[in-house]
Amino acid sequence: MTVPILDLTRSFKEIKPEVFSALERIFDAQNFILGSEVETFEKHCAKYLEIPEGSCVGCASGTDALLLALMSCDIHEGDEVITTPFTFFATSGAIARLGAKPVFADIDPSTYNINIEQAMTKITDRTKAFMPVHLFGQMCALEAVIPELHDKDIKIIEDAAQAFGSSRISDGRIHRAGTVGDIGCYSFFPTKNLGGCGDGGMVVTNDPERSERLRRLRVHGAGTTYYHDEIGINSRLDAIQAAILDIKLKHLEEWNEERRRIAEYYRLLFKTNGLHEFITAPSELDGNYHIYHQYVIRVKTKRDELMSWLNERGFAVRVYYPLPLHLQPCFKYLGYKEGDFPESEKLSREALALPVFPRLEPKEQEELVKNMADFFRR
Ligand SMILES: *Cc1c(COP(=O)(O)O)cnc(C)c1O
């Protein structure tokens, strides 16, 4: 048996006819960038996220979504943005590309998300934004710090690239990831829970002035074509991506539910195989609806040996992420050193992602966990 970390072919089969008819429509029309396909998708996203129509602005990637969000807050050289060192590179890459300084705070060891209390201690006069990441599909509990950040005029930019469809209950209401702060950023990279057939992304905001500005920034800052109010970038969503994403959006709830069932089954299998002394399953914070973009366990010792053991036996397991961002060579100039964020560093030694995707078979999970048990009992 071989089990991939992600197999998109299984769920694609179910939507193939619909996708191909959308492609035919787009090729017949020969309108490939922005246009009505993108408008329709933006409208459906606003409905899904339960935010006002016009709040969603499609762009070329999740990385650009972060960049556009920061640009819309006028973030530039000398500014500081507080974020997590345990995330995909793009989060702090976007901050640094504008000449601003990523300021890190360590993570909460149980959710892997930024430690909010510690993040608040990093605020200085230069802090312009707070950029938490809803890592692996689970939301950060931001609600407690929103008033303080607003008082200090610090913008909250949510990196929800891994969390489209994830939600959290606070103040007796369900809030979707990306709609809690001032701006939410999503990625539609093919491997994300809502993924296209190439790069794509989206920025959302409840503030109509900001969404208008974001629409300008994605077309070189032009409010009217060829008249540039400010310097923007070229970051537009393609019609093909929008059409495919629109088809997939209809299935997203069901697919996310299936990911949750898979997570639940792993938990049960760890128990029946007596693995709890060797590994820790990911935990879900009270009030959270985790969508398991990744299913990341902690392996207490011999993580790399376990990974090789499983890989050799046909089970694709991976490490997200092997080196926290404060220790990346490109961020040496920030002056961080090993030991600065012990929880992030520990997780990078212990984290192991297991396969999780719609239409993963229970049999495949059973075989994988059995092989894990064999490793620990050999
Ligand atoms: C994928 C991802 C991004 C970047 O998205 P792209 O579409 O690949 O540019 C940013 N942040 C996080 C946390 C991601 O997982």
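Colleague: Why is the pair of Glu 350 and Lys 346 called a salt bridge?

Modeller: The closest N and O atoms of Glu 350 and Lys 346 are 3.7 Å apart. A salt bridge needs a side-chain nitrogen of Lys or Arg within 4 Å of a carboxyl oxygen of Asp or Glu, so the pair qualifies. This is a predicted model, in which local features need pLDDT of at least 70 and side-chain atom pairs count only at pLDDT 80 or more, while totals for chains, interfaces and linings use all residues. Residues are numbered from 1 along each chain as its sequence is written, and side-chain values use heavy atoms, with hydrogens and water left out.

Colleague: Why does Glu 350 count as buried?

Modeller: Buried means under 20% relative accessible area, exposed over 50%, and partly exposed in between (1.4 Å probe, protein chains only). Glu 350 has 10%, so it counts as buried. Its partner Lys 346 has 37% and is therefore partly exposed.

Colleague: Where do Glu 350 and Lys 346 lie?

Modeller: Both are in helix 11 (residues 342-350), four residues apart, about one turn of the helix. Helices here are DSSP runs of H or I with at least four residues, strands are runs of E with at least two, and both are numbered from the N terminus. An α-helix has 3.6 residues a turn, so residues three or four places apart point the same way.

Colleague: What makes Glu 366 and Lys 363 a salt bridge?

Modeller: Their side chains meet at 3.5 Å, N to O. These two are in helix 12, three residues apart. Glu 366 is partly exposed because its relative accessibility is 27%, whereas Lys 363, at 52%, counts as exposed. Elsewhere, salt bridges that share partners join Asp 74, Arg 213, Arg 216, Asp 229 and Glu 230 into one network.

Colleague: How many salt bridges does the structure hold?

Modeller: There are 28. One of them pairs Glu 258 with Arg 359, at 2.1 Å between the closest N and O atoms. That pair links distant parts of the chain, 101 residues apart: Glu 258 is in helix 9, and Arg 359 is in the loop between strand 15 (351-354) and helix 12 (362-377). Glu 258 is buried, because its relative accessibility is 9%. Arg 359, at 21%, is partly exposed.

Colleague: How do you know that Arg 259 has no salt bridge?

Modeller: Lys and Arg count as positive and Asp and Glu as negative, while His and the chain ends are not counted. The nearest side chain of opposite charge to Arg 259 is Glu 258, at 8.6 Å. Arg 259 is nevertheless buried. It sits in helix 9 (residues 252-272).

Colleague: Which backbone oxygen atoms does the side chain of Arg 259 reach?

Modeller: It reaches that of His 293 at 3.4 Å and that of Val 356, also at 3.4 Å. A polar contact is a pair of N or O atoms within 3.5 Å; within protein, one must be able to donate a hydrogen and the other to accept it, and residues adjacent in sequence count only if both atoms are side-chain atoms.

Colleague: Why does Asp 182 count as buried?

Modeller: Its relative accessibility is 19%, so Asp 182 counts as buried. The residue is in the loop between strand 7 (173-176) and strand 8 (183-187). Its side chain is joined to that of His 150 by a polar contact of 3.4 Å.

Colleague: Why does His 175 count as buried?

Modeller: At 15% relative accessibility, His 175 is classed as buried. It lies in strand 7, and its side chain reaches the backbone oxygen of Ser 170 at 3.4 Å.

Colleague: What makes helix 8 mostly covered?

Modeller: Eleven of its eleven residues (239-249) are buried. They pack against helix 1 (8-29), helix 2 (36-49) and helix 9, where contact means heavy atoms within 4.5 Å.

Colleague: Which residues come nearest to the ligand?

Modeller: Of the 16 residues around the ligand, these are Gly 62, Thr 63, Gln 162, Ser 187 and Lys 192; to be counted as near, a residue needs a heavy atom within 4 Å. Polar side-chain atoms of Thr 63 and Ser 187 lie 2.5 Å and 2.7 Å, respectively, from an oxygen atom of the ligand. The protein covers 93% of the 370 Å² of accessible area that the ligand has on its own. Helix 3 gives the largest share of the shell, three residues.

Technical notes. Accessible areas come from the Shrake-Rupley method with a 1.4 Å probe; for residues, only the protein chains shown count as cover.
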